Amino acid sequence: MSKKNKYQVDEKGMYGRFGGAFIPEMLYPNIENLKTVYLDIINSEAFQNEYKALLKDYVGRPSPLYYAKRLSEKYNTQVYLKREDLNHTGAHKINNTVGQILIAKHMGKDRIIAETGAGQHGVATATACALMGLQCVVYMGEVDIERQAPNVARMKMLGAEVVAAKSGSKTLKDATNEALRDWICNPEDTFYLIGSVVGPHPYPDMVARLQAIISEEIKWQIKEKTDKDYPDYVIACVGGGSNAAGSFYHFLDDERVSLVAVEASGMGVDSGETAATIALGDLGIIHGSKTFLMQSDDGQITEPYSISAGLDYPGIGPQHAHLHDTKRGSFISATDADALEAAKELTQLEGIIPALESAHALSALSKMSFKKDDSVVITVSGRGDKDMATYMNRFGF
Amino acid sequence: MKRIQKLLQEKKDIFSVYYTAGYPNLDDTMPILNALQKAGCDLVEIGMPFSDPLADGPTIQHSSEQALENGMSINLLFEQIKELRPSITMPIVLMGYINPVFKYGVEAFISKCQEVGVDGVILPDLPFDEYHEKYQTLFEEAGIANTFLITPQTPNERIQLIDANSNGFIYMVSSSAVTGAKSGLSDEQLDYFNRVNSLDLNTPRIIGFGISNQSTFETACQYASGAIVGSAFVKLLKEKGADESAINDFVKDIKRNN
Ligand SMILES: Cc1ncc(COP(=O)(O)O)c(C=O)c1O
């Protein structure tokens, strides 16, 4: 096995003991088809040209790598922020959706379905569908539809149909179930555009490749800004784990770079109100993938909790489970309170209002210790506009 | 395994029912089983409820949710089956999703199936390759028939591969759908049944999904060894509870010509 493959998916769709495609037979032909074509499409010149052009002119890439001077002074280290919040639609999610929409087009699919929690992936999917003139159906838990009204309106304005998932806990995992059920019922014309590095193989790998642009840029940007061609740390938040997977991608083999993922522990890892999947660390199968997840002693998947709707997924992408297993990545967690504190701090020191998800990553600054001349890259996965109601409520503005 | 194979060899027009364990009440699992046997049911699939039943429509989703709320678990289901098994002659097949079985431990699960007299299992999200590499020997040595699903999209070569590795029946899903989603059987579906039948498979097929009444049952029996009624029966349980005479009428009505 080449070194490169150590942290990447193998020919069986596994990352070490994680991953695979645990799907009912009804989905097998679709997954098999995608598995057969996705690499050829992604590696084709036609795809690369279109994808790169959209990332540049539509998404607005490259996103800046910003030296955060006042944050650096406060923590006595060198902090660089990877500004995914400046992307079109306000988060890293769009990198993935413009990529997958092109793959769907190459496969001749004309109906797109997606799941969404906070609505960021739903908005990014609806945006890509509007751009390409494709039909778009977004599944969203009934509870989340109420919590995230502005994003629901954005999706509708973009021409998407938003369908309420009314089963189970009526949140992200149920929306994902509904999307999978839709795909079972519409196997021929429909493409399932998953929003994170989760689900059956090849989704985790495909989404990671489409988010890899984040680390591709960090690599040359850090060289421009420092006297080294690598950062000492790359830090990102993990829900399913797509912004982290993209931020880590080109550094996986470079052991000089410490990779840090921050999970949401809600009210605390042991509070019962948490989304810290790795911290709780129980192996199982969720949405077609073998990975760590939150479950009862009877193997029923339990409902996660986090103040940030984008991080409250009861599983984690299989590559992250493997990075944890192999100790290539360190996984820490941040509570609601930690995240709120970090969000306020970034806002008042640097004038950047982050998404609540990204605030979890920022809280690593106060949880870890760094050397003065370490370069610490933190991915700001999204902007805080969508979270203003929560900030207003919690900070009493 | 013997009970299933014997049934498939000896009987045509096999009438089979799916229902969720622990629904509508926790202790209804066994009275329902008794009532089904009395009414002339040939084979049962008892559903092990799961929090995220992604191949199921609203009816079975609801029954799973309720059953879990009632406190149903794999352990409890094994206890219930063990108690009643001596008086039940029908083959019993357990159907459910892989995660709870995985958490239970596949080896422990299979040995418990063997101990309490379960004849087969259907685990739709246990992939063929995974079964073949890791568990086939275990299942076969325990005499537990693993049942695979095929659908209108399953290519012929894959159907043949599944056939070669099956030892009970093949679950022929009638359409591209989740459970309970459609009613009636279209020409397109009949073409698919004919295509599968033309493959000369060794393993008998039983048709499920969308079989809800006498007419769909009778049609399905013309193309397979029998058929499975699921959501329609669960709906009856929702409306009437575990009522012996309602169950009797339901079964007799569907089977009236077969
Ligand atoms: C801004 C932002 N960051 C992070 C996430 C979490 O997703 P992932 O872990 O896949 O990056 C979300 C999901 O909605 C998000 O909106």
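In the predicted model, 18 residues surround the ligand, and those that come nearest are A:S196, A:G239, A:G241, A:S242 and A:S381. By residue class, the shell around the ligand comprises 11 polar, five nonpolar and two charged residues.

Three of the nearest residues were examined for polar contacts with the ligand. At A:G239, a polar backbone atom is 2.7 Å from an oxygen atom of the ligand. At A:S242, the partner belongs to the side chain, where an N or O atom is 2.6 Å from an oxygen atom of the ligand. A nitrogen atom of the ligand is engaged as well, with a polar side-chain atom of A:S381 at 2.6 Å. On its own, the ligand has 390 Å² of accessible area, of which the protein covers 97%. The space that the ligand takes is the largest cavity.

The surroundings of the ligand were then considered in terms of domains. Chain A is assigned domain 1 (15–55 + 93–207) and domain 2 (59–90 + 212–395). Each of these two domains of chain A supplies at least three residues to the shell around the ligand. Taken over C-alpha atoms, the centres of domain 1 and domain 2 of chain A are separated by 22 Å. The contact between them takes 41 residues from domain 1 of chain A and 41 residues from domain 2 of chain A.

Key. Residues are numbered from 1 along each chain as its sequence is written. Chains are lettered from A and ligands numbered from 1 in the order in which they are written. This is a predicted model: local features need pLDDT of at least 70, side-chain atom pairs count only at pLDDT 80 or more; totals for chains, interfaces and linings use all residues. Side-chain values use heavy atoms; hydrogens and water are left out. A residue is near a molecule or strand if one of its heavy atoms lies within 4 Å of it. A polar contact is a pair of N or O atoms within 3.5 Å; within protein, one must be able to donate a hydrogen and the other to accept it, and residues adjacent in sequence count only if both atoms are side-chain atoms. Accessible areas come from the Shrake-Rupley method with a 1.4 Å probe; for residues, only the protein chains shown count as cover. On a 1 Å grid over the protein atoms alone, a cavity is a set of points where a 1.4 Å probe fits but cannot get out, and a pocket is an open set with protein on both sides within 12 Å along at least five of seven lines; lining residues have an atom within 4 Å of a point. A molecule sits in a cavity or pocket if more than half of its atoms lie within 2 Å of its grid points. Ala, Val, Leu, Ile, Met, Phe, Trp, Tyr, Cys and Pro count as nonpolar, Asp, Glu, Lys and Arg as charged, and the others, Gly among them, as polar. Domain bounds come from an automatic or database domain assignment. Contact means heavy atoms within 4.5 Å.
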